[in-house]
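Let's take a walk through this fold, sheets and ligands included. Have the viewer open and follow along.

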Amino acid sequence: MRILVTGGAGFIGSHFARRLAAQGEEVVVLDRLTYAGNRANLEDVAHEFHQGDIADPRAVAEAAAGCEAIVNFAAESHVDRSILGPAEFIRTDVMGAQVLLEHARHNKLRMVHVSTDEVYGDVPLGAPACTEESPLRPSSPYSASKAGGDLQVVAYVRTFGVDALITRGANTYGSHQYPEKFLPLFITNAFDGQPLPVYGDGRQRREWLHVEDHCAAIELVLRAGASGEIYNVSGQERENMDVVRRILDLTGANPDLVQHVADRPGHDRRYALDSSKLRALGWSPKHSFDGGGLEETVAWYRGHREWWEPLKSGEYRAYYEQQYAARLSP
Ligand code: NAD
Ligand code: DAU
């Protein structure tokens, strides 16, 4: 099968491209190469590469020529950046999704749209996990944009009969994640003796999903999902401070590096997903967060300084200053 993987130079997309290519599928990547896109993520992956924007119908038509399916990973994906500047999130995560759907509609392609548990918003402690029927209550410009993309998918299925599906995954971890997100930021800062800036009390809870388990779920949905359906992909729930303590253990960093700083505005306290629908399709996770998953991830960052160190310069420094300088100043 010839498959268009949009956002395939990013974290999860590059793992997905590697997974499909290893099975002999023909992988075509369309990626705008924003700050988060990195062709080095694909250096061991057989693929055809197109640099371009999913919101540009011509770039999409060119890259999708001859493809039978689109798997859409392309997105602005960081909550904190969406608070600093929401506009780009609407453009890529909502308008870009619509351009891909329009292409799928006119060319009769299957499309899997990769979305997130954040569209359901906060889940109070003790409340049941979200099913695919739970209401959408996004809190951040990022999650609102992702919800907007999801609703475009739902509308294209209902109105035009497009063969599209949605996955909603939990916080994903593993190798090749840009070092702005919680785990790679804290792991690499710990190696360098830099502050570990915990937002607020650090009692927020996230579900941690290994990138290979997330990609296996998306592949299953691509191959066996029922047209028009939505599938949650859950992880293992942990409190942020517990994760920080594990990172200190695994890196051997000084606990004094931990600093509680001003909280993220609108910060969701907890996410929780019910993924029984996906399990009924045949998915089960193979990786355990505490039973080796986090340890293996820390080991990867320890062994691949040449991958992440160059990323922590230039644009990243400007972002880091804007995001953390005031928070970390005494
Ligand atoms: P990422 O930020 O690492 O990668 C995003 C990729 O999309 C980059 O390669 C970037 O260059 C590309 N891109 C951005 N705008 C584009 C555009 N307009 N046209 C073409 N390419 C563009 O993101 P990620 O963490 O790999 O997430 C991938 C997808 O999975 C996103 O849709 C995200 O919302 C979703 N998701 C992520 C997580 C997570 O924890 N990382 C969890 C659930 C869902
Ligand atoms: O839940 C799925 C989502 O997970 C994806 O849709 C997003 O693309 C992905 O970025 C992620 O969103 P989060 O906001 O949950 O992830 P982040 O890594 O930014 O933060 C995880 C938790 O750690 C959250 O409670 C905020 C906290 N945090 C994060 C950073 C960057 C800190 O305490 N300090 C930090 O410096």
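Which residue stands opposite tryptophan 208 in β9? Asparagine 171 does, and we'll come back to this asparagine when we get to a ligand.

Some ground rules before that. This is a predicted model, where local features need pLDDT of at least 70 and side-chain atom pairs count only at pLDDT 80 or more, while totals for chains, interfaces and linings use all residues. Residues are numbered from 1 along each chain as its sequence is written, chains are lettered from A and ligands numbered from 1 in the order in which they are written, and side-chain values use heavy atoms, with hydrogens and water left out.

Back to the strands (DSSP E runs of at least two residues, numbered from the N terminus, just as helices are H or I runs of at least four). β7 and β9 (residues 205-210) pair in the parallel sense over 3 bridges; two strands count as paired if DSSP finds at least two bridges between them. They belong to an open sheet of 3 strands, ordered β7-β9-β11, with mixed pairing. β7 (171-173) and β11 (236-239) are its edge strands, each pairing on one side only. On average, neighbouring strands here are turned by 45° against each other, direction ignored; axes are lines fitted to C-alpha atoms, for helices over the stretch in contact, and angles run from 0 to 180 degrees between N-to-C directions.

Now for the other sheet. This open one has 7 strands in the order β3-β2-β1-β4-β5-β6-β10, with parallel pairing. β3 (48-51) and β10 (230-233) sit at the edges with a single partner strand each, so one side of each has no neighbour in the sheet. Its neighbouring strands are turned by 20° on average, again ignoring direction. Look at β5 and β6 (residues 164-169): they run parallel, joined by 6 bridges, and valine 112 stands opposite leucine 165 in β6.

β5 also takes us to ligand 1, since β5 gives the most to the shell around that ligand, with 3 residues. There are 31 residues around ligand 1, and Ile12, Asp31, Ser77, Tyr142 and Lys146 come nearest; a residue is near if one of its heavy atoms lies within 4 Å. By class, that shell has 12 nonpolar, 14 polar and 5 charged residues, where Ala, Val, Leu, Ile, Met, Phe, Trp, Tyr, Cys and Pro are nonpolar, Asp, Glu, Lys and Arg are charged, and the others, Gly among them, are polar.

What about polar contacts, meaning pairs of N or O atoms within 3.5 Å (within protein, one must be able to donate a hydrogen and the other to accept it, and residues adjacent in sequence count only if both atoms are side-chain atoms)? A polar side-chain atom of lysine 146 is 2.7 Å from an oxygen atom of ligand 1, and a backbone N or O atom of glycine 10 lies 3.0 Å from an oxygen atom of this ligand. The protein covers 96% of the 840 Å² of accessible area that ligand 1 has on its own, by the Shrake-Rupley method with a 1.4 Å probe (for residues, only the protein chains shown count as cover).

On to ligand 2, and that asparagine. A polar side-chain atom of asparagine 171 lies 2.6 Å from an oxygen atom of ligand 2, and glutamate 118 likewise has a polar side-chain atom 2.6 Å from an oxygen atom of the ligand. In the side chain of asparagine 240, an N or O atom is 2.9 Å from an oxygen atom of ligand 2. The protein covers 95% of this ligand's own 690 Å² of accessible area.

Where does ligand 2 lie? Domain 1 (2-173 + 208-233) and domain 2 (182-205 + 237-265 + 288-322) both give residues to its shell, so ligand 2 lies between them; the domain bounds come from an automatic or database assignment.
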